[in-house]
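Grab your favourite viewer and a cup of something warm. Below are a few exercises, each followed by a solution that goes step by step.

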Amino acid sequence: MKKRKIFLTVLICVFALVMTSATGIAAKDNCVSIQDNVLVYKTTHYLAGQPLQTGFDIFGYNYQSHLFNGYYVNVYLGGYGFPPYEGDADAYLAENPGVTSVWCWPYRDDILTMKWNDAWLSNKDCDNDGLLDRHYGFPSYIGSGAWETNHQFGTYDLEGKECYWNYFCKIVAVPADATNVNGIWYTIDGKEIGPVIWGEFAIIQEVYNDLCGGFHGLLYKSPARAGLGNW
């Protein structure tokens with residue numbers, strides 16, 4: 001299970017980066033959308049000051065469509081002020097030697113796909129704080145109906161053999177009446193939702209495949225329900 005523990009540690013950090021939204025000019029009325037070209041990357045970002053795009057940016061984020069697709073490290077590199085990684089580690093290190101201090105550099109060749117809904121991270125600024133909204137209309141994620149999925153892919157060497165693995169999980173914001181008992185979220189009627197992650201969320205499904213490690217298929221499924229909607 002060592003490999004799975006690594007995935008969960010990495011997953012905990014994924015949450016922080018999907019929240020690297022943008023600063024911008026607040027609209028006087030209604031919501032500011034990405035199409036308005038006034039929501040920009042934060043001052044510490046590699047793309048600082050540039051407006052968010054409706055399509056994929058150079059790191060693999062598509063804020064308009066609630067997607068990320070690309071190298072795992074590119075979830076974070078822009079936020080640290082580095083350019084995107086494109087698959088050539090030696091060339092990248094030659095131009096960006098400081099990247100070795102970034103915690104996620106060892107996972108540079110893993111691939112990650114993330115999807116999320118509007119409650120998790122919106123593609124608009126409706127509260128006029130200059131940021132893409134999170135759990136709009138709610139004081140926290142709890143009860144907001146937010147969800148996210150993570151799908152990771154990679155390979156590793158085992159005694160000269162290349163081994164392929166993939167990991168998939170679903171994460172939901174728990175209902176307002178949920179209860180945390182010893183690190184497990186439960187519904188008001190006592191049904192297990194799933195393990196606590198990031199405080200306000202629960203993992204409701206995990207799938208892990210790694211033939212070299214002897215893993216295949218479902219690791220966990222919420223006894224309450226594993227669907228993303230209606231939480």
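**Exercise 1. Find the handedness of the link between cysteine 31 and cysteine 126, then place both residues in the chain.**

Solution. Keep in mind that this is a predicted model.

Step 1: read the torsion. The link of cysteine 31 and cysteine 126 has 110 degrees about the S-S bond and is right-handed.

Step 2: locate the two ends. They belong to distant parts of the chain, 95 residues apart. Cysteine 31 sits in the loop between strand E1 (22–24) and strand E2 (32–33), while cysteine 126 sits in the loop between strand E7 (124–125) and E8.

Step 3: check the bond itself. The S to S distance of this disulfide is 2.1 Å, and the cut-off is 2.5 Å.

Step 4: compare the surroundings. Cysteine 31 is partly exposed because its relative accessibility is 34%. Cysteine 126 has a relative accessible area of 19%, so this residue is buried; the limit for buried is under 20%.

**Exercise 2. Which residues form the disulfide that involves cysteine 163, and what is its handedness?**

Solution.

Step 1: find the partner. Cysteine 163 is bonded to cysteine 212, with the sulfur atoms 2.1 Å apart.

Step 2: read the torsion. The disulfide of cysteine 163 and cysteine 212 is left-handed because the torsion about the S-S bond is about -90 degrees.

Step 3: place the ends. Here too, distant parts of the chain are linked, 49 residues apart. Cysteine 163 belongs to strand E9 (residues 161–173), and cysteine 212 to the loop between strand E13 (201–210) and strand E14 (218–221).

Step 4: look at exposure. Cysteine 163 is buried because its relative accessible area is 0%, whereas cysteine 212 is partly exposed at 26%.

Step 5: put the bonds together. The whole structure contains 2 disulfides, and counting bonded cysteines along the chain gives the pattern 1-2, 3-4.

**Exercise 3. Describe where asparagine 150 lies and how the strand around it pairs.**

Solution.

Step 1: assign the element. Asparagine 150 is part of strand E8 (residues 147–158).

Step 2: classify the residue. Asparagine 150 counts as buried because its relative accessibility is 0%.

Step 3: look for a polar partner. The side chains of asparagine 150 and glutamate 148 make a polar contact at 3.0 Å.

Step 4: follow the pairing. E8 pairs with E6 in the antiparallel sense over 6 bridges; threonine 113 has histidine 151 in E8 as its bridge partner. E8 also runs antiparallel to E9, and 12 bridges join these two strands.

Step 5: go to the turn. Leucine 158 stands opposite lysine 161 in E9. The hairpin of E8 and E9 has 2 residues between the strands, and in it glutamate 159 takes a positive phi near 55 degrees.

**Exercise 4. Asparagine 37 and histidine 66 have a positive phi. Which of them is buried and which is exposed?**

Solution.

Step 1: recall the background. Most residues other than glycine have a negative phi.

Step 2: take asparagine 37. Its phi is near 60 degrees, and asparagine 37 lies in the loop between E2 and strand E3 (39–41). With 51% relative accessibility, asparagine 37 counts as exposed, the threshold being over 50%.

Step 3: take histidine 66. Its phi is also near 60 degrees, and histidine 66 is found in the loop between strand E4 (61–62) and strand E5 (67–71). Histidine 66 counts as buried because its relative accessibility is 12%.

**Exercise 5. How many residues does the largest nonpolar core have, and which elements supply them?**

Solution.

Step 1: size the core. The largest nonpolar core has 43 residues. Those with the most contacts inside it are Tyr63, Leu77, Trp116, Trp120, Ile171 and Phe201.

Step 2: trace the contributors. At least two residues each come from E3, helix H2 (89–95), strand E6 (111–116), E9 and E13. E9 gives the largest share, with 5 residues.

Step 3: look for a separate group. Another core, of 9 residues, lies apart from the largest one and includes Val172, Ala178, Ile193 and Ala202.

Step 4: step back to the whole chain. The chain has 2 helices and 14 strands, and 47% of its 231 residues count as buried. Its accessible surface comes to about 11,200 Å², with 53% belonging to carbon and sulfur atoms.

Key: Residues numbered from 1 in each chain as written. Predicted model: local features only at pLDDT ≥ 70, side-chain atom pairs only at ≥ 80, totals over all residues. Heavy atoms only, no water. Helix = DSSP H or I, 4+ residues; strand = E, 2+ residues; numbered from the N terminus. Buried < 20%, exposed > 50% of the residue type's maximum accessible area, 1.4 Å probe, protein only. Polar contact = N/O pair within 3.5 Å; in protein donor to acceptor, adjacent residues only side chain to side chain. Areas by Shrake-Rupley, 256 points an atom, 1.4 Å probe, with all protein chains shown as cover. Core = buried A, V, L, I, M, F, W, Y, C linked by side-chain atoms within 4.5 Å. Pairing = 2+ DSSP bridges.
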